[in-house]
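Please read the report below alongside the sequence and the coordinates. It takes up burial, contacts, ring pairs, cores, strands and cysteines in turn.

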Amino acid sequence: MAEQRAPRVAIACQGGGSHTAFTAGALSRLLSAPELAEHRIVGLSGTSGGAICALLAWAGLRDGDRARAVALLGEFWEDNSARDPMDKLLNFWMVSAGVMQNLGLVPGISPYAIPKHLGGMDAFRDLLSRHVDFERIGVDRNRVHPMLLLGAVDVLTGRFRTFDSHHDRITADSVIASAAIPTLFRAVHVDGGTYWDGLFSQNPPVRNLMQNDPDELWVIQVNPQEVDREPRTLTEIVDRRNELAGNLSLYQELGFIETIDKLLADGRLTPSAGYRQVTVRVIEMPRSALPRYLGPASKLNRDPGFLEGLAEHGRDQADRFLSALAFERAWTARDVDAVLDSVSEEAMLVSEPPFPAWEGGGDWGRLRKFVEATFEQDIAIDLTHKQIARDGATWSIRRRDGDGPATRGEAEVTFTGTRIDGIRLGPRREQAR
């Protein structure tokens with residue numbers, strides 16, 4: 001029997017300024033998790049703040065040192081936080097100005113109206129260079145190390161640019177080009193291009209990560225996909241517009257991957273055509289982690305407590321993601337005992353049409369009966385659709401009855417800590433509306 005290869009994972013980090021402290025926390029937990037020790041990280045990508053997190057993790061991984069990658073993520077975000085009195089004052093001014101500009105109370109200021117030496121770019125370059133030795137980094141043409149992709153856009157030509165460690169030398173300016181928010185920084189000139197923040201292009205680069213033949217793509221998303229109520233105040237409207245713009249390119253690229261996965265599953269594409277299935281998993285920052293009153297200006301906030309709080313949310317979300325993975329693997333293996341190991345005894349269970357109706361819970365006997373009955377129905381997780389971890393975790397599922405068409409729906413679990421306290425089988429949320 002051929003030896004099974006270690007799972008190959010690519011990780012894409014969405015941009016979002018200070019909100020990507022969440023990404024640093026999630027990455028740190030994933031890279032230090034014993035249950036993922038055998039997973040091989042074959043590529044990382046990022047845009048803006050996500051590019052910084054991807055760079056720091058990659059800098060450790062290229063030396064084969066996951067512990068160093070975790071340390072770099074923590075050290076950078078601590079160094080980046082506003083701790084001394086002058087820096088705290090500057091941070092307060094930046095966030096306040098952002099709030100007032102979003103409300104239309106003060107006009108914006110062009111970064112070209114500020115003397116270049118006061119623009120912050122040199123300080124940003126020094127900050128990066130304190131944590132990453134760019135002199136050691138060459139072009140990895142032989143693909144010895146994981147791939148690193150950083151997204152930017154050329155403001156003159158409108159062309160997307162992805163700095164690729166297998167073809168380009170990654171420098172501090174490559175990272176700054178991906179993070180050059182045009183209202184804060186002048187455009188960055190690299191390799192003959194004039195670059196703005198990659199939020200205007202690929203946020204983050206995804207499709208090119210497929211060149212490294214991953215089995216799974218994990219996306220760390222800092223812009224929540226859904227909102228629980230209609231935005232009404234100006235701050236809410238500006239915030240939601242910012243989130244939707246930040247998610248646009250990401251979900252277009254993920255949609256492309258899902259389409260390929262479905263075509264492969266249906267037999268309309270074959271691996272001989274150069275395609276293979278890639279399981280997509282999204283770790284999304286919960287909206288509860290963000291202050292509503294600041295709107296998108298909170299992406300400028302470098303307050304130490306705020307950043308550490310986001311990092312802690314990232315670690316917690318990664319823990320729930322790992323619990324969801326364990327549940328998925330137990331479900332796929334039809335291992336009743338392993339499924340029950342991930343569920344609390346008080347868990348509530350609900351199954352709704354188009355699946356067999358069931359409601360209850362609260363004791364191990366009913367839990368076991370529910371799981372066994374579900375397995376008898378051949379209800380399986382459909383990995384051609386992305387798995388999403390938010391406050392809970394959600395999968396697409398399908399049920400087969402003989403040779404007839406599959407019935408499709410959704411499985412959703414909720415958590416108390418890392419234990420599953422609820423399981424729902426039913427129609428997909430958008431179908432139920």
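## Burial and the surroundings of Ile388

A residue is called buried here when its relative accessible area is under 20%, exposed when that area is over 50%, and partly exposed in between. The model is a predicted one. Because its relative accessible area is 13%, Ile388 falls under the 20% limit and is buried. Ile388 belongs to strand β12, which covers residues 387-389.

Leaving aside neighbours within four places in sequence, Ile388 is in contact with Val282, Glu284, Ala393 and Thr394. The contact with Glu284 spans 104 residues of sequence, although the C-alpha atoms of Ile388 and Glu284 are 7.2 Å apart in space. The C-alpha atoms of Ile388 and Ala324 are separated by 9.6 Å, with their positions 64 residues apart along the chain.

## Ala324 and Glu258

Ala324 is found in helix α8, and with a relative accessible area of 0% it is buried. When residues up to four places away in sequence are not counted, Ala324 touches Gln387, Ala393, Trp395 and Phe415. Ala393 is thus touched by Ala324 and is also in contact with Ile388.

Glu258 lies in helix α7, residues 234-265. Although its side chain is that of a glutamate, Glu258 counts as buried, since its relative accessibility is 9% and the limit is 20%. Apart from residues up to four places away in sequence, Glu258 touches Thr384, His385 and Lys386.

## Aromatic pairs and charges over rings

The structure holds 7 aromatic pairs. In one of them, the rings of Phe327 and Trp331 have centres 5.5 Å apart and planes at 50°, so this pair is tilted. Phe327 and Trp331 stand 4 residues apart in helix α8, which runs over residues 304-332, so about one helical turn separates them. Phe327 is buried at a relative accessible area of 2%, and Trp331 is buried at 3%.

Trp331 also pairs with Phe375, and here the arrangement is edge-to-face, with 5.4 Å from centre to centre and 90° between the planes. This second pair links distant parts of the chain, as Trp331 lies in helix α8 while Phe375 lies in helix α10, residues 364-376, and the two are 44 residues apart. Both Trp331 and Phe375 are buried. Through ring pairs, Phe327, Trp331, Phe375 and Trp395 are linked into a cluster, and Trp395 is also one of the residues that Ala324 touches.

Two arginines have their charged ends placed over aromatic rings. That of Arg62 sits over the ring of Trp58, 5.2 Å from the ring centre, and that of Arg207 sits over the ring of Phe256, 4.2 Å from the ring centre.

## Nonpolar cores

In soluble globular proteins, nonpolar side chains tend to be buried together. In this model the largest nonpolar core has 66 residues, of which Ile11, Leu44, Leu55 and Leu128 touch the most other members. The element that gives the most to this core is helix α2, residues 49-61, with 10 residues. Apart from this core lies another, of 26 residues, which includes Ala347, Phe370, Val413 and Ile420.

For Leu128, the contacts beyond four places in sequence are with Ile52, Leu55, Phe76, Phe134, Ala172, Val175 and Ile176. Leu55, listed among these contacts, is itself one of the residues that touch the most other core members.

## The β9–β10 hairpin

Strand β9, residues 343-351, and strand β10, residues 358-361, pair in the antiparallel sense over 4 bridges. A hairpin of 6 residues joins β9 to β10, and Met348 stands opposite Gly361 in β10.

## Cysteines

How many disulfides does a search of the whole structure find? The search finds 0. For Cys13, which is in no disulfide, the nearest cysteine sulfur is that of Cys53, at 6.2 Å. Since a disulfide calls for sulfur atoms within 2.5 Å, the 6.2 Å between the sulfurs of Cys13 and Cys53 does not meet the cut-off.

Cys53 is likewise in no disulfide, with the sulfur of Cys13 as the nearest one. Both cysteines are buried, Cys13 at 0% relative accessibility and Cys53 with a relative accessible area of 0%.

Definitions and conventions. Residues are numbered from 1 along each chain as its sequence is written. This is a predicted model: local features need pLDDT of at least 70, side-chain atom pairs count only at pLDDT 80 or more; totals for chains, interfaces and linings use all residues. Side-chain values use heavy atoms; hydrogens and water are left out. Rings of Phe, Tyr and Trp (its six-membered ring) pair if their centres lie within 6.5 Å; planes under 30 degrees apart count as stacked, over 60 as edge-to-face and the rest as tilted. Buried means under 20% relative accessible area, exposed over 50%, partly exposed in between (1.4 Å probe, protein chains only). A charge sits over a ring if NZ of Lys or CZ of Arg is within 6 Å of the ring centre and within 35 degrees of the ring normal. Two strands pair if DSSP finds at least two bridges between them. A nonpolar core is a set of buried Ala, Val, Leu, Ile, Met, Phe, Trp, Tyr and Cys residues joined through side-chain atoms within 4.5 Å. Contact means heavy atoms within 4.5 Å.
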